[in-house]
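Let's take a look at the empty space inside this protein and at what surrounds it. Here is the model to follow along with.

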Amino acid sequence: MSSENATSPPHGNEASVVFSKDGAIGHILLNRPKALNALDLPMVDAITAKLREWENDETVVAIVIEGAGEKAFCAGGDIRGLYDARKRDDDALLDAFYRREYCLNNYIAKYPKPYIALMNGITMGGGVGVSVHGHFRVVTERTLFAMPETGIGFFPDVGGGYFLSRCPGQIGLYLGLTGARINASDCLYADLATHNVNSENIAALKSDLSAIEGGNDPFAAVKKVLDDHHVKGEEGLLNTLRTEIDKLFGADTVADIFAALDASSTDFAKETAKILRSKSPIAVCVTFEQIRQGRGMTLAQDLAMEFRLSQRTVRMPDLFEGVRAVIVDKDHSPKWQHADIGQVDPRDVAAYFDLLPEDKELKLQF
């Protein structure tokens, strides 16, 4: 394997992203294992630049992205860094991070070469953004997938309105509102993953990928290797709960979802209602509308919408309070702006979706 270069500046003495070439593969290693490989702006910029270079490199047939360490692929964006930026009123960083992260998400979705994400471990938030939009998404028995943003006063971004709305039935709405954590089998059932591989066979998988010859159809060549390594996992919970989830989350409003949960006597409904009431009320309402609108959008349109949401949410008290409670002080007792969803004014929710000034809008190729 030949080493190329890494991000600058690094985190501590280690480069935060390591790039290398191994045979036909351009390899991206997210290299912040102590931070569960959380993404920051220099990492986003470095990945984007390397992908553009490899797009025009005929020796690179496909891309593989994975995380360092045994715990995580990528647990999300560097929320603490964004929290600190908010404290010092660093509007430029709050704009730049989401703008360039969403551009990367869109670029991955359009990438002309096979892009294979090895979601081996915790895959949440921003980590979903650099994996789920790729053509091939590989999970293992160690995969733990979630979009937990409503628990910190945010919303499931990085294209969540697009990919969650396209999960079977109401599964995406359930995942987005509650932040529920799911395993490999559930990811496959929800169409969030394409293949399941035993983690002990990841090295062999990468070796076989490095030996592929692109030919006329590199996507077919990659698919054959992944199919050969694919193993059938056990049935997940989502398949078992699908009928109930569709019934409970198929309501027309957030209030109707709560009413359906409260009217049900099942343990799942009771536990889900409890979880949902612990989330930021305004974030739950915004997320409901985000996923509802995302059903009729392209990914680029959805990301443009989410950029508007991001620029408004980062200036609202619930995100600041949520990060304080979960990440900074870790008391897990956020004091949300609203006591419950009944206090959330629908006009305030609608305002999150208003267009930004023309020069502030996220412009992507639709």
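The lining of the second largest cavity splits into three nonpolar, four polar and one charged residues. Keep in mind that this is a predicted model. The residues around this cavity are Leu164, Ser165, Cys167, Gly169, Gln170, Gly172, Leu173 and Arg295. Arg295 counts as the charged one, while Leu164, Cys167 and Leu173 make up the nonpolar part.

How many cavities of 30 Å³ or more does the structure hold? There are two, set out here:

| Cavity | Volume | Nonpolar lining | Polar lining | Charged lining |
|---|---|---|---|---|
| Largest | about 60 Å³ | seven residues | two residues | one residue |
| Second largest | about 30 Å³ | three residues | four residues | one residue |

Now for the largest cavity. Its lining is made of Gly153, Phe154, Phe155, Ile282, Ala283, Val286, Thr313, Met316, Asp318 and Tyr352. Which helix gives the largest share of that lining? That would be helix 13, with three residues.

Helix 13 itself runs over residues 281-294, 14 residues in total. From first C-alpha to last, helix 13 reaches 20 Å, close to the 20 Å expected at 1.5 Å a residue. Is helix 13 mostly covered or mostly open? Mostly covered: 12 of its 14 residues are buried. Among them are Ile282, Ala283 and Val286, which also line the largest cavity. Other buried residues of helix 13 include Pro281, Thr287, Phe288, Glu289 and Gly294.

Key: Residues are numbered from 1 along each chain as its sequence is written. This is a predicted model: local features need pLDDT of at least 70, side-chain atom pairs count only at pLDDT 80 or more; totals for chains, interfaces and linings use all residues. Side-chain values use heavy atoms; hydrogens and water are left out. Helices (H or I, at least four residues) and strands (E, at least two) are DSSP runs, numbered from the N terminus. The expected span of a helix is 1.5 Å times one less than its number of residues. Buried means under 20% relative accessible area, exposed over 50%, partly exposed in between (1.4 Å probe, protein chains only). On a 1 Å grid over the protein atoms alone, a cavity is a set of points where a 1.4 Å probe fits but cannot get out, and a pocket is an open set with protein on both sides within 12 Å along at least five of seven lines; lining residues have an atom within 4 Å of a point. Grid points are joined across faces, edges and corners, and a volume is the space filled by probe spheres set on the points.
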